[in-house]
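Me: Could you take a close look at one part of this model for me, the metal site, and then walk outward from there into the rest of the fold? I'd enjoy a connected account rather than a list.

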Amino acid sequence: MTNGKVKTRIRKNDIVQVIAGSGSGKISIKDGEDAKARGTRGKVISVDREKGRAIVQGVKMVFKHQRASQDPSRPNLGRIEKESPIDVSNLLLVCPKCDEATRIGIRTEKHERENGKVKASRVRVCKKCGADVPERS
Ligand SMILES: [Zn+2]
């Protein structure tokens, strides 16, 4: 069963941890210090639920192309440096409570309204400490 969207519980403005690199290039973090993206954390800028990819602030992939420019006046030619979409399967949400990169469960919360109807809402829950992980806006 699929509606064309990738199932992810990661939402915009979440803090996530990268658990795997893409393998397609060198990865650096924002302060310019080279580091493997694995283990770095950042805030989710956007989520593309169609493609199952997210852009994470500060997690930057630097693609170095083999045919770098030989022209000294254009040293950056052949090198693309930007925040690139990361597959959501490579991201884990960081729980705001226990500060652990964690899997997320869903708890259904039922609210009884004054008119007697019950409204159910789904709350994300940290599987490590059990704290609610509200979506941020
Ligand atoms: Zn937690």
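Reply: Happy to. In this predicted model, the zinc ion takes its protein donors from the SG atoms of Cys-95, Cys-98, Cys-126 and Cys-129, which lie 2.3 Å from the metal. Along the sequence these donor residues follow the spacing C-x2-C-x27-C-x2-C. The angles subtended by the 4 donor atoms run from 105 to 112°, so the arrangement is tetrahedral.

Two of the donors make a nice contrast in exposure. Cys-126 has a relative accessible area of 2% and is therefore buried, since the cut-off for that is under 20%. Cys-129, at 38%, is partly exposed.

From here the hairpin of β10 and β11 is a good next stop. Strand β10 covers residues 104-112 and strand β11 covers residues 118-126, and the two pair in the antiparallel sense over 9 bridges. Within that pairing, Ile-106 of the hairpin stands opposite Arg-124 in β11. There are 5 residues between the two strands, and Gly-116 in the turn has a positive phi of about 90°.

Now to the open sheet. Its 6 strands are ordered β7-β4-β3-β1-β8-β9, with antiparallel pairing. The edges are held by β7 (86-87) and β9 (101-102); each has a single partner strand, so one side of each is left without a neighbour in the sheet. As background, strands of a sheet pair through backbone hydrogen bonds, either parallel or antiparallel.

Let's step across from the β7 edge. β7 pairs with strand β4 (residues 53-56) in the antiparallel sense over 2 bridges, and Arg-53 has Asp-87 in β7 as its bridge partner. On to the next pair: β3 and β4 run antiparallel and are joined by 4 bridges, with Ser-46 bridged to Ile-55 in β4. These two strands also form a hairpin with 4 residues between them, where Gly-52 takes a positive phi near 70°. One step further, β1 is joined to strand β3 (residues 41-48) by 3 bridges, again antiparallel; here Ile-15 has Lys-43 in β3 as its bridge partner.

Just before β1 (15-18) sits Asn-13. At 15% relative accessibility, Asn-13 counts as buried. A polar atom of the Asn-13 side chain lies 3.4 Å from the backbone oxygen of Arg-136. Leaving aside neighbours within four places in sequence, Asn-13 is in contact with Lys-43, Val-44, Arg-136 and Ser-137.

What about the nonpolar packing? The largest nonpolar core has 15 residues, and those with the most contacts inside it are Val-16, Val-56, Ile-86 and Leu-91. The elements giving two or more residues to this core are β1, β4 and β8 (91-94). Val-56 shows how the pieces meet: beyond its neighbours within four places in sequence, Val-56 is in contact with residues including Val-16, Val-44, Ile-45, Glu-83, Ile-86 and Leu-91. In soluble globular proteins, nonpolar side chains tend to be buried together.

Stepping back to the whole chain, the protein has 0 helices and 11 strands. Of its 137 residues, 29% count as buried. Among contacts between residues at least 6 apart in sequence, 55% join residues at least 24 apart.

Technical notes:
Residues are numbered from 1 along each chain as its sequence is written. This is a predicted model: local features need pLDDT of at least 70, side-chain atom pairs count only at pLDDT 80 or more; totals for chains, interfaces and linings use all residues. Side-chain values use heavy atoms; hydrogens and water are left out. Two strands pair if DSSP finds at least two bridges between them. Buried means under 20% relative accessible area, exposed over 50%, partly exposed in between (1.4 Å probe, protein chains only). A polar contact is a pair of N or O atoms within 3.5 Å; within protein, one must be able to donate a hydrogen and the other to accept it, and residues adjacent in sequence count only if both atoms are side-chain atoms. Contact means heavy atoms within 4.5 Å. A nonpolar core is a set of buried Ala, Val, Leu, Ile, Met, Phe, Trp, Tyr and Cys residues joined through side-chain atoms within 4.5 Å. Donors are N, O and S atoms within 2.8 Å of the metal (3.2 Å for Na, K and Ca); water is not among the atoms, so sites may look incomplete. Four donors count as tetrahedral if all angles lie between 85 and 135 degrees; four count as square planar and six as octahedral if opposite donors are over 155 degrees apart and all others between 65 and 115; anything else is irregular.
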